[in-house]
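Hello,

Here is the structure for you to look over. My notes follow it.

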Amino acid sequence: SPGAAWAPAAERPGSSLLTRQLQELWRKSRGSLAPQRLLFEVSSASVVSERSSKYVLYTIYLIRSGRFDKAPAAIARRYSDFERLNRRLRCRFGCDMAGVAFPRKRLRRNFTAETIAKRSRAFEQFLSHLHSIAEIRRSPEFLEFFFLQDLRAAQRLTCTGMYREALATWANAYRLQDRLGVCSSGRFLLTLAGLAVCHQELDELGEAHGCCEQALQLLEAQGSHPLLGPFLQAHVHLAWKVGKDKRRSEARLQDLREAGPPLQQQPTLKECLIKEPLE
């Protein structure tokens, strides 16, 4: 339950010295320029049976401490996903990872309530510890564990015209990147493009316009970016539709026209989304 995340370390089942140390660190960093404190909470775990295999799927919420998030950012991952992340990080950050505990693989009793509860606490502590190490927190291995799956799924859904489902997935990817503090990356711009395209296809033009505005603010300092032209064109079109001022975007488009290749050759936002490989 959300309340459990706020309980003192000593009162939580499976709690360890690590949790207490982290809570102490968090308390000390409250007044500093540390990043937004993030709590990782396993809100549920369910046993999934497929044709030839059985596994536990853990649903994890990313919760900003001291803030109420109306819409939670959530991921669902299995033990093998955590194991892959652990392996990749140990390869790259051997020294930093030396003190990070990871729950061992068991040969049996993987599906008992006790094992699942212990693993849930261990995964919360594992992610919290990783997030407390600046280099790991900013690494692509750590970040993409959270949102790359959503971006790929959202891209597939958009390409197949399932805009309502795609929109929910892009929106979750947006929230995940927001919680993780990576709202200026190329992945985030792609997320805004996905949101804009889906909102537009669903005739939610005000929301689509807002996504383009946010992207153009992020692109303000960049003279050239593959998504700048497509975002400007979409913004001009949507501003005209919703009756907003489009002069600034028109002027920026004019500058782009004078600086580079003909804009007729520029892909639309939707074409950019479809072509972008998400490795």
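**Helix α2**

The model is predicted. Start with helix α2, residues 79–92. At 1.5 Å a residue, its 14 residues should span 20 Å, and the end C-alpha atoms are 20 Å apart, so the two agree.

Which residues of α2 are buried? They are Y79, D81, F82, L85, N86 and L89. These residues sit on the same side of α2, because they cover an arc of only 160 degrees around the axis. That fits the general pattern: an α-helix has 3.6 residues a turn, so residues three or four places apart point the same way. The cover over the buried residues of α2 includes two strands, β2 (54–64) and β3 (73–78). It also includes the helices α3 (94–97), α4 (113–131), α5 (134–137) and α6 (140–159).

**The core**

The largest nonpolar core has 71 residues. L127, L130, F146 and F231 touch the most other members. Domain 1 (38–138) and domain 2 (161–275) both give residues to this core, so it lies between them.

Take L127 next. Beyond its neighbours within four places in sequence, L127 contacts F40, I60, F142, F145 and F146. L127 also contacts F82 and L85, both among the buried residues of α2.

**V182**

V182 lies in the loop between α7 (163–180) and α8 (186–201). Is V182 buried or exposed? V182 counts as buried, because its relative accessibility is 17%, under the 20% cut-off. Not counting residues up to four places away in sequence, V182 touches L143, F147, Q177 and F188. R138 is 44 residues from V182 in sequence, yet their C-alpha atoms are 8.4 Å apart.

Best wishes

Methods:
Residues are numbered from 1 along each chain as its sequence is written. This is a predicted model: local features need pLDDT of at least 70, side-chain atom pairs count only at pLDDT 80 or more; totals for chains, interfaces and linings use all residues. Side-chain values use heavy atoms; hydrogens and water are left out. Helices (H or I, at least four residues) and strands (E, at least two) are DSSP runs, numbered from the N terminus. Buried means under 20% relative accessible area, exposed over 50%, partly exposed in between (1.4 Å probe, protein chains only). Contact means heavy atoms within 4.5 Å. The expected span of a helix is 1.5 Å times one less than its number of residues. The arc is that of the directions from the helix axis to the C-beta atoms. A nonpolar core is a set of buried Ala, Val, Leu, Ile, Met, Phe, Trp, Tyr and Cys residues joined through side-chain atoms within 4.5 Å. Domain bounds come from an automatic or database domain assignment.
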